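Hello,

Here is the structure I promised to pass on to you. Please open it first, and then read my notes alongside it.

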Amino acid sequence: MTRNRKLITDADFQEAIDRQSAIRVFQDDHVVGTGGVVVRFDDTLVVIQNGVSEVAYHQRRECEFFEMARR
């Protein structure tokens with residue numbers, strides 16, 4: 001079973017990086033990314049990598065980020 005935890009604070013994003021957790025990204029109530037890991041973040045941007053050459057940049061204020069952790 002998968003547990004979803006919303007990432008809000010810098011500490012949340014740092015924990016997701018440390019755990020290498022899979023991330024699901026929503027924008028305007030639509031899934032725009034799933035399965036990648038957070039590789040970098042700041043106040044305005046979150047960078048998620050799905051593969052060696054697949055990198056996505058998401059505006060932090062326009063998206064919702066969820067850590068998908070297995071129980």
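Glutamate 67 is buried, because its relative accessibility is 0%, under the 20% cut-off. In this predicted model, the glutamate 67 side chain forms a salt bridge with arginine 19, with the closest N and O atoms 3.2 Å apart. The two belong to distant parts of the chain: glutamate 67 sits in strand 6 and arginine 19 in helix 1, 48 residues apart. Arginine 19 itself is partly exposed, at a relative accessible area of 46%. The pair is also part of something wider, as salt bridges with shared partners join Arg5, Asp12, Glu15, Arg19 and Glu67 into one network.

In total, the model has 7 salt bridges. Two others are worth a look while you have the structure open.

One of them joins glutamate 64 and lysine 6, whose side chains meet at 2.8 Å, N to O. Again the link runs between distant parts of the chain, from glutamate 64 in strand 6 to lysine 6 in strand 1 (residues 2-7), 58 residues apart. Both ends are partly exposed: glutamate 64 has a relative accessibility of 32%, and lysine 6 has a relative accessible area of 36%.

The other is between aspartate 10 and arginine 60, where the closest N and O atoms are 2.8 Å apart. Aspartate 10 lies in helix 1 (residues 10-19), while arginine 60 lies in the loop between strand 5 and strand 6, 50 residues apart. Here the two ends fall into separate classes: aspartate 10 is partly exposed at 40% relative accessibility, whereas arginine 60 is buried at 14%.

What about arginine 61, buried or exposed? Arginine 61 counts as exposed, because its relative accessibility of 73% is over the 50% cut-off. You will find arginine 61 in the loop between strand 5 (55-59) and strand 6 (63-70). To help you get your bearings, arginine 61 and threonine 34 are 27 residues apart in sequence and 18 Å apart in space, C-alpha to C-alpha.

Now for the inside. In soluble globular proteins, nonpolar side chains tend to be buried together. The largest nonpolar core in this model has 12 residues: Leu7, Phe13, Ala16, Ile17, Ile23, Val25, Val38, Phe41, Val46, Ile48, Cys63 and Phe65. Helix 1, strand 2 (22-27), strand 3 (30-41), strand 4 (45-49) and strand 6 each supply at least two residues of this core. Which element gives the most to this core? That is helix 1, with 3 residues.

Phenylalanine 13 makes a good place to start exploring the core. Phenylalanine 13 is buried, at 1% relative accessibility. Apart from its neighbours within four places in sequence, phenylalanine 13 is in contact with Leu7, Ile8, Val38, Phe41, Val46, Arg60 and Phe65. Arginine 60, the salt-bridge partner of aspartate 10, is thus one of the residues in contact with phenylalanine 13.

The aromatic rings come next. A search of the whole structure finds 3 aromatic pairs. In one of these, the rings of phenylalanine 13 and phenylalanine 65 have their centres 5.4 Å apart and their planes at 75°, so the pair is edge-to-face. Phenylalanine 13 is in helix 1 and phenylalanine 65 in strand 6, 52 residues apart. Phenylalanine 65 is buried too, with a relative accessible area of 2%. Ring pairs also link Phe13, Phe41 and Phe65 into a cluster.

Phenylalanine 26 and phenylalanine 66 make another edge-to-face pair, with ring centres 5.6 Å apart and planes at 85°. This pair links strand 2, which holds phenylalanine 26, to strand 6, which holds phenylalanine 66, across 40 residues. Phenylalanine 26 is partly exposed, with a relative accessible area of 23%.

Last, a word on strand pairing. Strand 2 and strand 3 pair in the antiparallel sense over 5 bridges. Within this pairing, isoleucine 23 has glycine 36 in strand 3 as its bridge partner. The two strands form a hairpin with 2 residues between them, and aspartate 28 in the turn has a positive phi of about 55°.

Enjoy looking around, and best wishes.

Definitions and conventions. Residues numbered from 1 in each chain as written. Predicted model: local features only at pLDDT ≥ 70, side-chain atom pairs only at ≥ 80, totals over all residues. Heavy atoms only, no water. Helix = DSSP H or I, 4+ residues; strand = E, 2+ residues; numbered from the N terminus. Buried < 20%, exposed > 50% of the residue type's maximum accessible area, 1.4 Å probe, protein only. Salt bridge = Lys/Arg side-chain N within 4 Å of Asp/Glu carboxyl O. Core = buried A, V, L, I, M, F, W, Y, C linked by side-chain atoms within 4.5 Å. Contact = heavy atoms within 4.5 Å. Pairing = 2+ DSSP bridges. Phe/Tyr/Trp six-rings, centres within 6.5 Å; stacked < 30°, edge-to-face > 60°.
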